[in-house]
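I opened the notebook today to look up pockets, cavities, cores and salt bridges. Here is what I wrote down, entry by entry.

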Amino acid sequence: MAGNTSKTSAKVARKAAAKRVAAKPTLLAGGNPQIAKAEGDAPVQAYIAAMPGWKRDVGRRLDALIVRTVPGARKAVKWNSPFYGIEGQGWFLGVHCFTKYVKVAFFRGMSLRPVPPGESKSKDTRYVDIHEDDKLDEAQLAAWVKQASQLPGKRM
C-alpha cells in the first residue's frame with residue numbers, strides 16, 4: 001500500500017511540474033510577459049516567445065541583432081524585462097513591452113552617438129520606442145548596441 005502512495009504522489013508531482021512548464025506566462029499591463037527572474041538565454045527566449053502579436057517579431061529581431069553585434073553578450077530576465085550585458089561590466093541594454101510599442105533602453109544612452117531619441121528621467125538612459133508600423137533602422141540600432149556594449153554597464 002505504501003508503494004502505491006509514493007508512486008501516486010510522484011505522478012501528481014510530475015503532472016504539476018509539466019503544467020507549470022507548459023503554462024503560458026501571464027501578460028502584465030501593456031502586454032509585457034511575466035517571466036521569472038533568471039540568467040541566461042532560456043528565460044530571454046521564453047520572454048520573446050510570450051511577447052504578444054507583432055511585438056514577438058520585434059523581440060526576435062532585436063535579440064538576433066544584439067547577438068550578431070555583440071557575440072557572447074550576457075542575457076537575463078530581471079523585473080519582467082530582458083537585459084543584455086557584458087560579463088563583469090554590467091548591463092548595457094534592456095527591452096520592455098508596452099501597449100503600443102516595444103521600448104529599448106540604453107542605460108548609458110547619453111554617451112552614444114547620435115544620442116537615441118527617447119528621453120528618460122535618468123540622466124544617462126535614452127530610449128528607442130518601436131511601434132508596429134515602424135521600419136527598424138537595423139544599422140543604427142546595431143551601431144548603438146556596439147557602442148553601448150563598449151561602455152561600463154549598469155550594475156543591477
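**Entry 1: the open pocket**

I began by fixing my terms: helices and strands here are DSSP runs, at least four residues for a helix and at least two for a strand, numbered from the N terminus. I also kept in mind that this is a predicted model.

I looked up the largest pocket and found a volume of about 240 Å³. Its lining has 16 residues, and those closest to the centre are Ser-81, Phe-83, His-96, Ala-105 and Phe-107. Which strands supply at least two residues each to this lining? I noted E3, E4 and E5. E4 gives the most, with three residues. By class, I wrote down seven nonpolar, six polar and three charged residues for the pocket lining.

**Entry 2: the closed cavities**

Next I turned to enclosed space. Rolling a probe the size of a water molecule over the atoms shows where empty space is left. How many cavities of 30 Å³ or more does a search of the whole structure find? The search gives two.

The largest cavity has a volume of about 40 Å³. I listed its lining as Leu-62, Leu-65, Ile-66, Leu-93, Val-95, Val-104, Phe-106, Leu-141 and Val-145. Two helices, H3 (54–69) and H4 (138–149), and two strands, E4 (90–97) and E5 (101–106), supply at least two lining residues each. H3 has the largest share, with three residues. I sorted this lining by class and got nine nonpolar residues, with no polar and no charged ones.

The second largest cavity comes to about 30 Å³. Around it I found Tyr-47, Ile-48, Met-51, Gly-59, Leu-62, Pro-82, Tyr-84 and Val-95. Helix H2 (41–50), H3 and strand E3 (81–86) are the elements that give two or more residues to this lining. The class tally here is seven nonpolar, one polar and no charged residues. I underlined Leu-62 and Val-95, which are in the lining of the largest cavity and also in that of the second largest.

**Entry 3: the nonpolar cores**

I then looked up how the nonpolar residues group. In soluble globular proteins, nonpolar side chains tend to be buried together.

The largest nonpolar core has 30 residues. Those with the most contacts inside this core are Leu-62, Tyr-84, Phe-92, Leu-93, Phe-106 and Val-145. H2, H3, E3, E4, E5, strand E6 (126–131) and H4 each supply at least two of the core residues. H4 provides the largest share, five residues.

I picked Val-145 for a closer look. Leaving out residues up to four places away in sequence, Val-145 touches Leu-65, Ile-66, Thr-69, Val-70, Phe-92, Leu-93 and Phe-106. I also found a second, separate core of five residues, among them Ala-76, Trp-91, Ala-105 and Phe-107. Ala-105 and Phe-107 were already in my notes, listed among the residues closest to the centre of the largest pocket.

**Entry 4: the salt bridges**

My last search was for charged pairs, and the count comes to eight salt bridges. I wrote up three of them.

Asp-63 pairs with Lys-75, with their closest N and O atoms 2.9 Å apart. Asp-63 is in helix H3 and Lys-75 in strand E2 (residues 74–78), so the bridge links distant parts of the chain, twelve residues apart. Are Asp-63 and Lys-75 buried or exposed? Buried means under 20% relative accessible area. Asp-63 has 8% relative accessibility and counts as buried, and Lys-75 at 10% counts as buried too.

Glu-87 and Arg-74 meet in a salt bridge at 3.8 Å, N to O. Glu-87 lies in the loop between E3 and E4 and Arg-74 in strand E2, so this pair ties together parts that are 13 residues apart in sequence. Glu-87 is exposed, with a relative accessible area of 62%, while Arg-74 is partly exposed at 22%.

Lys-103 forms a salt bridge with Asp-129, and the closest N and O atoms are 2.9 Å apart. This pair links distant parts of the chain, with Lys-103 in strand E5 and Asp-129 in strand E6, 26 residues apart. Lys-103 counts as buried at 15% relative accessibility, whereas Asp-129 counts as partly exposed at 31%.

I closed with one network: salt bridges that share partners join Glu-39, Arg-74 and Glu-87.

Key
Residues numbered from 1 in each chain as written. Predicted model: local features only at pLDDT ≥ 70, side-chain atom pairs only at ≥ 80, totals over all residues. Heavy atoms only, no water. 1 Å grid on protein atoms, 1.4 Å probe; cavity = no way out; pocket = protein on both sides within 12 Å on 5 of 7 lines; lining within 4 Å. Points joined across faces, edges and corners; volume = space filled by probe spheres on them. Nonpolar A, V, L, I, M, F, W, Y, C, P; charged D, E, K, R; others polar. Core = buried A, V, L, I, M, F, W, Y, C linked by side-chain atoms within 4.5 Å. Buried < 20%, exposed > 50% of the residue type's maximum accessible area, 1.4 Å probe, protein only. Contact = heavy atoms within 4.5 Å. Salt bridge = Lys/Arg side-chain N within 4 Å of Asp/Glu carboxyl O.
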